[in-house]
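Let's take a walk through a protein model together. Keep the 3D view open and turn it as you read.

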Amino acid sequence: MSTKKVTIQVTGSGILQDDVIMLGEGVLKALKIPSGRPLQLQFGSYRHEVTVIPVPRYDGLRINQTVASKTGLVPRSVLSVSYRSASRTLRLGPFISVLVSQDYPDQPDRPFGSITMFCHELVNACRKRGAYVSFFTPEDIGAVTGHIQGWVYDDGWKKTVLPIADVVNNRLTSRKLENKPSVQHFMKEVKSLYGTQTFNEKFLDKNEVFDALKSITTLKRVLPESHLLKSAATLKTMCTRHPVVFLKPVRGSLGKGIIRVSRQIDGSFLTLATSVGGTRKQTYASLDKLYASLSGKMKTTRYQIQQGLSLIDNGGRPVDFRALVQKNRTGKWSVTSIVARIAGGSHYVSNLARGGSLSTVKDAVAKTQLPASAKASAYAGLHTAALDIAKGIESAIPAHFGELGIDLAMDTTGRVWLLEVNSKPSKNDNTPLSESKIRPSVKSMLEYSTYLAGF
């Protein structure tokens with residue numbers, strides 16, 4: 001299917017009727033669109049029968065104000081247009097909507113808080129590509145009737161009524177919001193009623209990921225031993241096998257609530273726990289006493305217990321890696337970026353929210369005690385593992401993902417390990433070390449959305 005990019009112009013209703021559009025003659029010829037005959041104009045869930053009038057020496061599309069208000073299209077939008085002769089449908093798009101957690105209507109310059117810059121970057125990328133993007137929140141979701149309130153950019157942010165988009169990217173950062181009945185109902189309804197493609201449909205919990213990947217033989221090498229902590233027996237078995245274990249909230253993020261347990265020479269157990277003020281230390285004479293101290297927390301928090309690893313470090317500061325793996329323009333997984341994360345001085349986790357810092361893989365491994373051969377092959381090993389893990393997630397977990405943040409580690413022999421997988425990677429934490437205007441991560445997201453929309 002061929003497409004052409006056109007600039008949308010909006011005219012007054014008195015100049016152009018609702019059921020008439022004007023299209024450049026060159027576009028008509030290129031796409032073999034018949035003029036003077038009724039056809040369907042489609043934009044997302046919007047459908048409207050129109051007659052096309054060709055305009056010589058013109059490469060745009062003119063619609064009237066009434067049609068513009070029903071589609072939410074702003075003047076000077078640049079869109080791709082395609083024509084399907086079998087159904088006589090003139091399709092505009094791709095139309096992409098991003099579901100975000102919250103908006104701030106009283107802050108017109110920053111309506112999405114800390115992710116406003118990301119949203120603006122996506123708007124710019126869409127304009128270059130010939131796509132249209134809007135942003136909406138769970139509060140904007142009502143009964144699904146073919147339209148929804150959402151934000152678009154037109155020399156400033158504005159909220160307007162829009163059709164349901166071709167593609168919805170779920171960027172919700174709260175499980176509570178994602179599990180709202182209205183959100184779940186919306187996601188199911190737009191798929192069945194309008195064929196909308198949705199991706200990054202759900203959060204992943206740590207135990208779900210490791211349990212799913214254990215069944216894939218080729219991934220066993222990258223999986224540290226991990227279990228759901230259900231009993232004192234599991235704690236004892238793991239602490240007997242491994243000198244260090246980590247207890248991680250199954251649904252935690254940003255390094256919150258992680259507890260490092262290490263066996264001491266005298267038989268006691270030292271715990272280090274992440275907290276707002278830094279790292280909290282505590283010693284327990286026995287594992288029974290340690291488990292008893294956890295029992296209160298375990299009433300509200302499920303923990304994954306994971307084998308501790310002897311990780312590479314920079315001057316005593318642990319190093320791990322975040323790979324951003326995204327679907328590309330052909331629907332295949334590809335690695336967009338891999339960055340090294342170096343833990344802050346008083347922390348054993350590397351998250352930026354905990355004072356960690358970013359580095360290139362090359363610079364980070366150069367400052368470690370890895371053998372020269374392991375340093376030389378470090379990036380390739382991380383790249384291969386990240387791709388294999390993304391493919392494994394897709395095959396083993398029944399949900400649609402378009403991007404994954406995959407946290408990897410490397411031990412002192414150069415072996416790569418999986419730490420965790422995040423289906424809602426932060427737009428700050430995984431930023432590639434680049435000053436380019438439109439980041440590769442934004443470009444990849446747009447290209448995959450375009451692929452899903454069929455443009």
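**From strand partners to buried cores**

Start with Met22, whose bridge partner in β4 is Ile53. Keep in mind as you look that this is a predicted model. Met22 and Ile53 show one link between two strands: β2 (residues 20-24) and β4 (residues 46-55) run parallel and are joined by five bridges. Further along, Gly24 stands opposite Val55 in β4. In general, the strands of a sheet pair through backbone hydrogen bonds, and the pairing is either parallel or antiparallel.

Strand β4 also shows the other kind of pairing. Strand β3 (residues 38-43) runs antiparallel to β4, with six bridges between them. Here Pro38 has Thr51 of β4 as its bridge partner. β3 and β4 form a hairpin with two residues between them, and Gly44 in that turn has a positive phi of about 60°.

Now zoom out to see where these strands belong. They are part of a closed barrel of seven strands, in the order β1-β5-β2-β4-β3-β7-β6, with mixed pairing. From one strand to the next, the twist averages 40°.

A second hairpin is worth a visit. β10 (147-153) pairs with β11 (residues 157-163) in the antiparallel sense, over seven bridges. Within this pair, Gln149 has Val161 in β11 as its bridge partner. Three residues lie between β10 and β11, and Asp155 in the turn has a positive phi of about 55°.

Just before β10 comes a loop, between β9 (132-136) and β10, and Asp140 is found there. Is Asp140 buried or exposed? Its relative accessible area is 12%; buried means under 20%, so Asp140 counts as buried. Leaving aside neighbours within four places in sequence, Asp140 is in contact with Asp103, Ile148, Gln149 and Lys159. Gln149 is thus a residue you have already met, as the bridge partner of Val161.

Next, let's look at helices. Two packed helices are described by the angle between their axes and the distance between the axes. For α3 (residues 116-129) and α11 (residues 440-453), the axes come within 10 Å and cross at roughly 55°. That angle makes α3 oblique to α11, and the crossing is right-handed. Where they meet, α3 contributes residues including Phe118, Leu122 and Cys126, while Val442, Met445, Leu446 and Thr450 belong to α11.

Another helix, α6 (residues 206-213), is largely enclosed by the rest of the structure, because six of its eight residues are buried. These are Lys206, Asn207, Val209, Phe210, Ala212 and Leu213. They pack against several elements, among them β14 (226-228), α10 (372-396) and β25 (416-422).

Finally, turn to the nonpolar interior. In soluble globular proteins, nonpolar side chains tend to be buried together. The largest nonpolar core in this model has 42 residues, and Phe321, Ile389, Leu408 and Leu418 touch the most other members. Elements that give two or more residues to this core include α6, β21 (317-327), α10 and β25. The largest share, nine residues, comes from α10.

To see how one member fits in, pick Leu408. Not counting residues up to four places away in sequence, Leu408 touches several residues, including Phe321, Leu382, Ile389 and Leu418. Apart from this core lies another one, of 30 residues, among them Phe43, Leu61, Leu90 and Tyr132.

Key. Residues numbered from 1 in each chain as written. Predicted model: local features only at pLDDT ≥ 70, side-chain atom pairs only at ≥ 80, totals over all residues. Heavy atoms only, no water. Buried < 20%, exposed > 50% of the residue type's maximum accessible area, 1.4 Å probe, protein only. Helix = DSSP H or I, 4+ residues; strand = E, 2+ residues; numbered from the N terminus. Contact = heavy atoms within 4.5 Å. Core = buried A, V, L, I, M, F, W, Y, C linked by side-chain atoms within 4.5 Å. Pairing = 2+ DSSP bridges. Axes fitted to C-alpha atoms, helices over the stretch in contact; angles between N-to-C directions. Parallel < 35°, antiparallel > 145°, perpendicular 65-115°, else oblique. Left-handed = near helix turned anticlockwise from the far one by under 90°.
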